[in-house]
Amino acid sequence: NIITLNTAFLLRTIASGKNCRVFTENVKLELTPKGRYVYPDVILTCAPQDLQNDLDTMVRHPSLIVEVLSD
């Protein structure tokens with residue numbers, strides 16, 4: 001959890017002023033148009049299509065996906 005939060009904070013700092021958004025854990029990443037999706041730990045998107053969604057529940061065009069793995 002600490003790694004996820006630190007990564008999201010760092011990406012948010014880097015993306016500040018670049019019209020990008022950083023999401024953590026509770027936002028879906030669409031894998032296929034037929035509704036297959038996952039919940040990555042951190043998603044960075046700068047795609048205008050993703051930024052237009054006011055609900056912030058689904059990302060379709062990620063710029064970066066982060067998945068934190070443990071032993």
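Which backbone nitrogen lies 3.3 Å from a polar atom of the side chain of Thr45? In the predicted model examined here, the atom in question is the backbone nitrogen of Ala47, which is placed 3.3 Å from a polar atom of the Thr45 side chain. A polar atom of that side chain also lies 3.0 Å from the backbone oxygen of His61. Thr45 belongs to strand β4 and, with a relative accessibility of 0%, is classed as buried, because residues under 20% relative accessible area are counted in that category. When neighbours within four places in sequence are left aside, the surroundings of Thr45 comprise Cys20, Arg21, Phe23, Asp50, Leu51, Val59, His61, Pro62 and Ser63, with each of which Thr45 is in contact.

One of these contacts, Cys20, also takes part in a covalent link. The structure contains 1 disulfide, formed by Cys20 and Cys46, whose sulfur atoms are 1.9 Å apart. The link is right-handed, with 105 degrees about the S-S bond. It joins distant parts of the chain, the two cysteines being 26 residues apart: Cys20 is situated in the loop between α1 (2-15) and β1 (21-24), whereas Cys46 is found in the loop between β4 (42-45) and α2 (48-51). The two partners fall into separate accessibility classes, as Cys20 is buried, with a relative accessible area of 19%, while Cys46, with a relative accessible area of 32%, is partly exposed. The assignment of Cys20 follows because the limit for a buried residue is under 20%, and the value computed for Cys20 is 19%.

Cys20 is, in addition, a member of the largest nonpolar core, a set of 8 residues that further includes Ala8, Leu11, Ala15, Val22, Val42, Leu44 and Val66. Two or more residues of this core are supplied by each of the elements α1 and β4, and the largest share, 3 residues, comes from α1. Apart from this core there is a second, separate one of 5 residues, among them Phe23, Val27, Ile43 and Val59. In soluble globular proteins, nonpolar side chains tend to be buried together. Phe23 and Val59, both listed in the second core, are also among the residues in contact with Thr45.

Within the largest core, the contacts of Val66 can be described in further detail. With residues up to four places away in sequence not counted, Val66 touches Thr7, Leu11, Pro40, Asp41 and Val42, and of these contacts Leu11 and Val42 are themselves listed as members of the largest core.

Terms used: Residues are numbered from 1 along each chain as its sequence is written. This is a predicted model: local features need pLDDT of at least 70, side-chain atom pairs count only at pLDDT 80 or more; totals for chains, interfaces and linings use all residues. Side-chain values use heavy atoms; hydrogens and water are left out. A disulfide is a pair of cysteine sulfur atoms within 2.5 Å. Helices (H or I, at least four residues) and strands (E, at least two) are DSSP runs, numbered from the N terminus. Buried means under 20% relative accessible area, exposed over 50%, partly exposed in between (1.4 Å probe, protein chains only). A nonpolar core is a set of buried Ala, Val, Leu, Ile, Met, Phe, Trp, Tyr and Cys residues joined through side-chain atoms within 4.5 Å. Contact means heavy atoms within 4.5 Å. A polar contact is a pair of N or O atoms within 3.5 Å; within protein, one must be able to donate a hydrogen and the other to accept it, and residues adjacent in sequence count only if both atoms are side-chain atoms.
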